[in-house]
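User: I am learning to read protein models and would like to go through one with you slowly. Please explain each term when it first comes up.

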Amino acid sequence: MLAVVQISVRSLVEYVFSSGSIDAEFRSSKALRDGTKAHQRLQKQYGESDQHEVYVSAEIAHEGLLFVIDGRCDGLLNGTDDGDMLTVDEIKSTSGDIALIEENSYPVHWAQAMCYAYMVAHDRGRSHMRVQMTYTQVDTEETRHFVREAAYDELEQFVQEVIQNYYPYAQMKFDHEQRRNQSIKELQFPFPQYREGQRKLVGAVYKTIQDGHKLFAKAPTGIGKTMSTLFPSVKAMGEGVLQRFFYLTAKTITRTAAEEAFYLLQDKGLQLQVVTLTAKDKVCLKDEVKCTPAHCEFADGYYDRVNEAVLDLLRQETVMTRSVIETYARKHRVCPFEFSLDVAYAADAVICDYNYIFDPRVNLKRLFEEQKRKTALLIDESHNLVDRAREMYASELHKSVFLTLQREFKGASKELHDAAKAINAYFIALRKQVGDREMMVESGLPESLLVHVEAFIGVAEKELARSAGGNPVSAVLLDAYFAAQNFVRISKLYDERYVTLAVNDRNEVSVKLVCLDPSHLLRQMGKGYRAHVFFSATLSPLSYFMDMLGAGEDDYSVTVPSPFAKEQLEVFVQPLSTRYQDRENSRTQIARSIYELVTGRAGNYLVFFPSYAYMSSVYEAFTDLVGEAADESQLHVLVQQTKMTEEEREHFLSAFQAGAEMTLVGFAVMGGIFSEGIDLVGDRLTGVVVVGVGLPQLGPERNLIKDYMERTGKNGYDYAYVYPGMNKVQQAGGRLIRSETDHGVLLLIDDRYLQPRYQRLLPEEWRDYKVLPVQR
């Protein structure tokens, strides 16, 4: 009996013709729905006997494997007479200049159409077929047709050659899947026993994947959330429920934790291919990120070498971290970023940032619907996704950029100069309209600006195409082009959950499409995946996060209690005001409270503040106290800086060592790099101080969110300020108790912690606190 390999026509030809995403070059500046509309527009022009979206399939045996190939051809056109040949019509949409497309520009498109033609000819007994490539411009609706005729024998030979070229990869994947599934079958939970509450989370994740729902899991630090989500996902894959899964996270340190979990499972016998995706600017092997064949030898001829590189990597490696990807990228002289993306489509599991799934600019568009149905999303630290989603679904343009372009291309390109000038003129008029109000809010799209921006995109594409031959590319133009693309793309998502914010700030004028509620878009971008698992230690209040992350009525939630004893944590509340108007008066008292805590017991402490400015103010008062003390040499202070490098971050954290003779105090910012995802286990951290209740800074966008939530019947202040703020507090305090043996002290400084609104948002294990007297 032959082993079956099921694959879509599109996936097959993409691999064999090594052309990357089949439509990437065509939909460069438009949302996917533009292509769909273009298809539908052309299909409406078909005759009565013509068909569209025709499902076709074929079974082809080759060297022990049975290839089951299927897909949908855009059109199947009948001739005017019974004897006329059938025509397979393949439609591609573009936002670029359609005049630049020639018949042989894209062999991969012809390959897709010829595979469809073979299947139709085979099923219907046709000796000859006509193959038509139809290209359409999404804005102008201009269309070009290219037609070829092919005999059945010619089509059959072509498809056989495609299968032959795909076979080595298919055989490698088949062999791997046999080994993988057997290893999963034998795999045991990698620890001697489950931690308290861990089995509950593992079971909830497995059931969610089986049933095809979303799970919102509030699971405390120390329970082992990473393994609790990975292990049941792996088991579901071994049973054929999943084809792959993504482990999504926003921070490097949590990506590392996922990689370590996979290494542990590998040590226990698991054979699973997992790849980590790293941002292009971090993984680039060149001193400057310039992704053109003229400037980068790793881009030049990439598609000639990538298939061999992918085969080599997948045959030799399982856990494919950044360093592994870079090693093979150098070996095969391929771009490590594009290489990792190509590997991601073949791997069993992918560790990556949220944006590869949820951001319309960079998401993995080559995951087809049938693949999504067997893919699960594991979303770590998912409390971060709410604000990240607002950023993904927002877009902003600035006047200064287009003024610079207007000046740069004066005399060099009249067309580009005029396009930039039109946008700059719009901003000049907008500045007068906003006037002394500094900002203006509108509930609709800036339609006249969009007209100018779309015209600019078309002109910019021509200029960039001229530069593709090795001529210098204007960095300002390139940045403006991508910003304009994104502005148009986000405008397609605009609905009642958006507002348009115009800001007149001294020498700058900007227009921003502000996403007030990302829940609908998160649902849309996550649509089609089998299961979603949102998990975090601070998914509280659960109802708020389920609402903002797009939960449905039938979705699941689970809350796992803390596995740690109350005796491990001592909590104090110092009821001082940290409100903005009181900060100058209370900063000395706050500094003294911190000083008394850290000098009362030697050890390592982290002190968190809501902003850098506030941190600096209290730090100044704190150092005055340290300077007055006789034992100044026994106290060392570190301060988080803005835009710290990875080396600086590691140096900061490495100072927190157990058993140090000197007391160490680290001043840091809530919501920053040291308040989430770091593990200072045991005596590496003695205590945490949280100053304030973490409220985001008052500002126009937060107030717009508040007003929107009020209009939809929710408590706007809680949604915009209180819940996000207290989440930062929980994250900061959560750095303290990380294992069963940890002990520590937590000091919360703010009088609002005694108010019911904030008390009910404290974790259960924090509520047995002691109130410290206020010194007058």
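User: How many bridges join S14 to strand S15 (residues 498-505)?
Analyst: This is a predicted model, in which local features need pLDDT of at least 70 and side-chain atom pairs count only at pLDDT 80 or more, while totals for chains, interfaces and linings use all residues. Residues are numbered from 1 along each chain as its sequence is written, and side-chain values use heavy atoms, with hydrogens and water left out. Strands (E, at least two residues) and helices (H or I, at least four) are DSSP runs numbered from the N terminus, and two strands pair if DSSP finds at least two bridges between them. S14 and S15 run antiparallel, with Val441 standing opposite Leu501 in S15, and the number of bridges that join these antiparallel strands is four.

User: What is the order of the open sheet of four strands with antiparallel pairing?
Analyst: The ends of this sheet can be placed by looking for strands that pair on one side only, and these edge strands are S13 (395-398) and S14 (439-442). The twist from one strand to the next averages 15°, where angles run from 0 to 180 degrees between N-to-C directions and axes are lines fitted to C-alpha atoms, for helices over the stretch in contact. Helix H16 lies across the four strands, running at about 85° to S16, and the order of the sheet is S13-S16-S15-S14.

User: At what angle do helix H15 (residues 399-408) and helix H16 (residues 414-434) pack?
Analyst: Two packed helices are described by the angle between their axes and the distance between the axes. Here the residues that meet (contact means heavy atoms within 4.5 Å) include Phe402 and Leu405 in H15, and Ile423 and Phe427 in H16. The axes of H15 and H16 are 8 Å apart, and the angle is about 140°.

User: Is the crossing of H15 and H16 left-handed or right-handed?
Analyst: A crossing is left-handed if the near helix is turned anticlockwise from the far one by less than a right angle, and right-handed if clockwise. By this rule, the crossing of H15 and H16 is left-handed.

User: Which helix gives the most residues to the largest nonpolar core?
Analyst: A nonpolar core is a set of buried Ala, Val, Leu, Ile, Met, Phe, Trp, Tyr and Cys residues joined through side-chain atoms within 4.5 Å, where buried means under 20% relative accessible area, exposed over 50% and partly exposed in between, with a 1.4 Å probe and protein chains only. The largest core has 190 residues, and Phe339, Phe358, Tyr393, Phe456 and Leu748 touch the most other members. With 12 residues, the helix that gives the most to this core is H3 (residues 107-124), that is, helix H3.

User: Why is strand S12 (residues 375-379) largely enclosed by the rest of the structure?
Analyst: Thr375, Leu377 and Ile379 point one way from S12, while Ala376 and Leu378 point the other way. S12 runs parallel to S8 (residues 244-248), joined by five bridges, and it also pairs in the parallel sense with S17 (residues 531-536) over four bridges. Leu378 has Tyr247 opposite it as well as Val533 in S17. The strand is largely enclosed because, of its five residues, the number buried is five.

User: Which strands stand at the edges of the sheet, each with a single partner strand?
Analyst: The open sheet of seven strands, with parallel pairing, has the order S21-S22-S20-S23-S24-S19-S25. Within it, six bridges join S19 (residues 569-574) to S24 (residues 744-749), and the bridge partner of Phe572 in S24 is Leu747. One side of each edge strand is left without a neighbour in the sheet, because each has a single partner, and these edge strands are S21 (635-639) and S25 (770-771).

User: Does Ala329 count as buried or exposed?
Analyst: Ala329 is found in helix H10 (residues 322-332). Leaving aside neighbours within four places in sequence, Ala329 is in contact with Leu285, Phe298, Val334, Pro336 and Phe339. Its relative accessibility is 0%, so Ala329 counts as buried.

User: What is the relative accessibility of Gln132?
Analyst: Gln132 is found in strand S5 (residues 128-137), and its contacts beyond four places in sequence include Leu77, Val88, Glu90 and Phe146. Gln132 counts as buried because its relative accessibility is 13%.
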